[in-house]
Amino acid sequence: MTLLVTGGAGFIGSNFIFYWLKHHPEDQVVCLDKLTYAGNLATLVPVMDHPSFRFVRGDICDRAAVKRLFEEEQPQAVINFAAESHVDRSIQAPEVFLQTNVLGTQVLLDACCAHGGVRFHQVSTDEVYGDLPLDRPDLLFTEESPLRPSSPYSASKAGADLLALAYFRTYGLPVTVSRCSNNYGPYQFPEKLIPRMIVRALAGKTLPVYGRGENVRDWLHVDDHCAALDAILQRGVAGEVYNIGGRSERTNLEIVGLICHRLDVPPEQVVHVADRKGHDKRYAIDSGKLSSQLGWQPQVSFDQGMDETINWYLDHRYWWEPLAEDV
Ligand code: NAD
């Protein structure tokens, strides 16, 4: 089949393209990416000449360009990673988040309808559920949890999820949605917590931690996310939502402490800064539905995955140095 991957020059999308070409050598993969500040063609160099891969620069909001691409490639499935993805940027300038994350998703859904009901998967986030209290470790987000997004980013992702599910109900489009916890791994843009702390630590800069650093995130290695998406694309039921999580909850301070320990950074380099507006306290995901119905389990332990990720950043300065000036 031909699989259209939008946002494939970003962190998770690029890892997904590597994964798919390796595990599905019979398929064609077409990547549509606008190459915003977060998209990086250097990431896709290893597959640029792959006979089953094509890169197209374009905006998912550009209806004419998306129509043209669908006519040229006739994809059998679309997986939508394209998004504005950084919460802090959404607090500073929300508009582009609504444009890309909601209206861009609508353009893709319309194209899928116009081409006879192309299979569509929306890559979403656990942040659509809002947050959980720190003193209730027993609580987890399930697919039935109410959507209570806190930031313009998560509100735009929730909007896109609901739109995609409405296209299933209204037009019978074969849509699935996945909501994943925080990812880490190679090729993550250095504005995000883990790579930011690594590259700042290596540059001898301070390591700024929001508030007391007690906010909890559930971390999942990007390869495990890709395997979950594979399971959903192959065996997921249309109209369903699947949570994806690692059951690896860590406070932000624990993450920074681990990086300091591994890179031999003195504790004085860690500084506490004013908290993020509306900062979600805790995310924790119950991915029991994905495990029991589609047989997915995370394979990468957090300690091993973090070790490999830190090593990757140590070995790939050429990749992140041009991106890390302002982080
Ligand atoms: P990223 O910011 O690294 O990459 C986003 C990619 O989308 C970039 O290549 C960018 O150029 C492209 N893009 C942006 N606007 C576009 C547009 N209008 N048209 C075409 N391409 C456009 O993001 P990521 O961390 O790889 O996240 C990918 C998806 O996964 C997002 O939808 C995000 O909401 C979701 N997600 C991310 C995480 C995480 O921890 N990073 C967790 C759960 C879900």
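1. Tyr-187, in this predicted model, sits in the loop between β7 and α6 (193–202). With a relative accessible area of 12%, Tyr-187 counts as buried, because the cut-off for that class is under 20%. Its backbone deserves a look as well, since Tyr-187 has a positive phi of about 70° although it is not a glycine. Most residues other than glycine have a negative phi.

2. Gln-74 also carries a positive phi, near 45°, in a residue other than glycine. Gln-74 belongs to the loop between α2 (63–73) and β4 (77–80), and its relative accessible area of 44% makes it partly exposed, because that value falls between the 20% and 50% cut-offs. A positive phi of about 70° is found too at Gly-172, just after α5, but there the residue is a glycine.

3. Which residues come closest to the ligand? Of the 28 residues that surround the ligand, the closest are Ile-12, Asp-33, Ser-85, Tyr-153 and Lys-157. Three polar pairs can be checked directly in the model: a polar side-chain atom of Tyr-153 lies 2.6 Å from an oxygen atom of the ligand, a polar backbone atom of Ile-12 is 2.8 Å from an oxygen atom of the ligand, and a backbone N or O atom of Lys-34 lies 3.1 Å from a nitrogen atom of the ligand. On its own the ligand has 830 Å² of accessible area, and the protein covers 97% of it.

4. The make-up of the shell around the ligand may be read in two ways. By residue class, it divides into twelve nonpolar, twelve polar and four charged residues. By element, α1 (11–23), β5 (119–125), α5 (152–171) and β7 (182–184) each supply at least two residues, and β5 gives the most, with three.

5. Helix α5 can be tested for regular geometry from its length. Its 20 residues, at 1.5 Å a residue, should span 28 Å, and the C-alpha atoms at its ends are indeed 28 Å apart, so expectation and model agree. The buried residues of α5 are Tyr-153, Ser-154, Ser-156, Lys-157, Ala-158, Ala-160, Asp-161, Ala-164 and Tyr-167; Tyr-153 and Lys-157 are also among the residues closest to the ligand. The elements that cover these buried residues include α3 (87–92), α4 (95–114), β5 and β6 (175–180).

6. Is His-86 buried or exposed? His-86 is placed in the loop between β4 and α3, and its relative accessibility of 11% counts as buried, because it is under the 20% cut-off. Leaving aside residues up to four places away in sequence, His-86 touches Tyr-37, Phe-97, Glu-191 and Lys-192. Between His-86 and Thr-105, which are 19 residues apart in sequence, the C-alpha to C-alpha distance is 17 Å.

7. His-272 is the last residue for comment. It lies in strand β12 (residues 270–273) and, at 46% relative accessibility, counts as partly exposed. The C-alpha atoms of His-272 and Gly-211 are separated by 5.8 Å, although the two residues are 61 residues apart along the chain. The side chain of His-272 reaches the backbone oxygen of Gly-211 at 2.7 Å. When residues up to four places away in sequence are not counted, His-272 touches Val-209, Gly-211, Arg-212, Gly-213 and Leu-253.

Notes
Residues numbered from 1 in each chain as written. Predicted model: local features only at pLDDT ≥ 70, side-chain atom pairs only at ≥ 80, totals over all residues. Heavy atoms only, no water. Near = heavy atom within 4 Å. Polar contact = N/O pair within 3.5 Å; in protein donor to acceptor, adjacent residues only side chain to side chain. Areas by Shrake-Rupley, 256 points an atom, 1.4 Å probe, with all protein chains shown as cover. Helix = DSSP H or I, 4+ residues; strand = E, 2+ residues; numbered from the N terminus. Nonpolar A, V, L, I, M, F, W, Y, C, P; charged D, E, K, R; others polar. Expected span 1.5 Å × (residues − 1). Buried < 20%, exposed > 50% of the residue type's maximum accessible area, 1.4 Å probe, protein only. Contact = heavy atoms within 4.5 Å.
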